[in-house]
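Reader: Could you walk me through this structure and explain the terms as we go?

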Amino acid sequence: MSDHEQQQPAPRRGKVLEALARAERQLFTRPAPKSAKARMKFLRTRAGGSTAAVAERLGTSRRTVERYLAGKLTKPQKRLQAALVEATEFEWQPQVRAQAREQAATSRGMMVEVTAYFGFTCTGSSDDGRERQITTDISPTYVKQILELQEAGATEEELHPIVAEAITESYFTEWGTRADGLRADFTSVSSISFRF
């Protein structure tokens, strides 16, 4: 059995991380490569022509990368397909993404739309936790923290508190004008999306 056939199941990104990736894909001014061969060629170019570097990044063998480049293999298994998509999107149009991230983290902020179970902590609060659908702006301060955590490889569980804090500030406390001391946490995220 070849290493191509022994690949592990595709890793799953959490909903917050996937939502951030989708928001970045919406920024692209040109479509990213679609076929496995085109993605491998693109990644090899970004790696300075090194098939070994591409193989290491994708968690596969150099020979497998060479087979895709030669067109001998065309349909990657799920794990490799997920790694190819993620690596290509990460490398695609870096200046477009960097500019949008910089603007969001310094001046513009981001919009978040989330459906999740929100629980609250506040002295004298009578509002029990429940599932809510919320659409609100997130301030650039929180956007900067979220994007820095994402770049540092934060897990889904590490991102939840900062996203919840950002939503609390903008939605529940209206930028500190009401409900002083309120803290909201969310769990059971049904859906989430971001817009730069």
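Author: Gladly; here are a few questions and answers about this predicted model.

Reader: What makes up the secondary structure of the protein chain?

Author: The protein chain has 8 helices and 3 strands. Along the sequence they come in the order α-α-α-α-α-α-β-β-α-α-β.

Reader: Why is the pair of phenylalanine 42 and tryptophan 92 called edge-to-face?

Author: Planes over 60 degrees apart count as edge-to-face. Phenylalanine 42 and tryptophan 92 have 65° between their planes, with 5.2 Å centre to centre, so the name fits.

Reader: What does this pair tie together?

Author: Phenylalanine 42 sits in helix 2 and tryptophan 92 in the loop between helix 5 and helix 6, so the pair ties together parts that are 50 residues apart in sequence. Both phenylalanine 42 and tryptophan 92 are buried.

Reader: How do you know that tyrosine 171 and phenylalanine 172 form an aromatic pair?

Author: Ring centres must lie within 6.5 Å, and those of tyrosine 171 and phenylalanine 172 are 4.9 Å apart. Their planes stand at 90°, so this pair is edge-to-face.

Reader: Why is phenylalanine 172 called buried, and what is tyrosine 171 called?

Author: Buried means under 20% relative accessible area. Phenylalanine 172 has 5%, so it counts as buried. Tyrosine 171, at 33%, falls between the 20% and 50% limits and is therefore partly exposed.

Reader: Which residues do ring pairs link into a cluster?

Author: The cluster consists of Phe118, Tyr171, Phe172 and Phe186.

Reader: What makes arginine 97 lie over the face of phenylalanine 90?

Author: One condition is a distance within 6 Å of the ring centre, and arginine 97 is at 5.6 Å from that of phenylalanine 90.

Definitions and conventions. Residues numbered from 1 in each chain as written. Predicted model: local features only at pLDDT ≥ 70, side-chain atom pairs only at ≥ 80, totals over all residues. Heavy atoms only, no water. Helix = DSSP H or I, 4+ residues; strand = E, 2+ residues; numbered from the N terminus. Phe/Tyr/Trp six-rings, centres within 6.5 Å; stacked < 30°, edge-to-face > 60°. Buried < 20%, exposed > 50% of the residue type's maximum accessible area, 1.4 Å probe, protein only. Lys NZ or Arg CZ within 6 Å of the ring centre and 35° of its normal.
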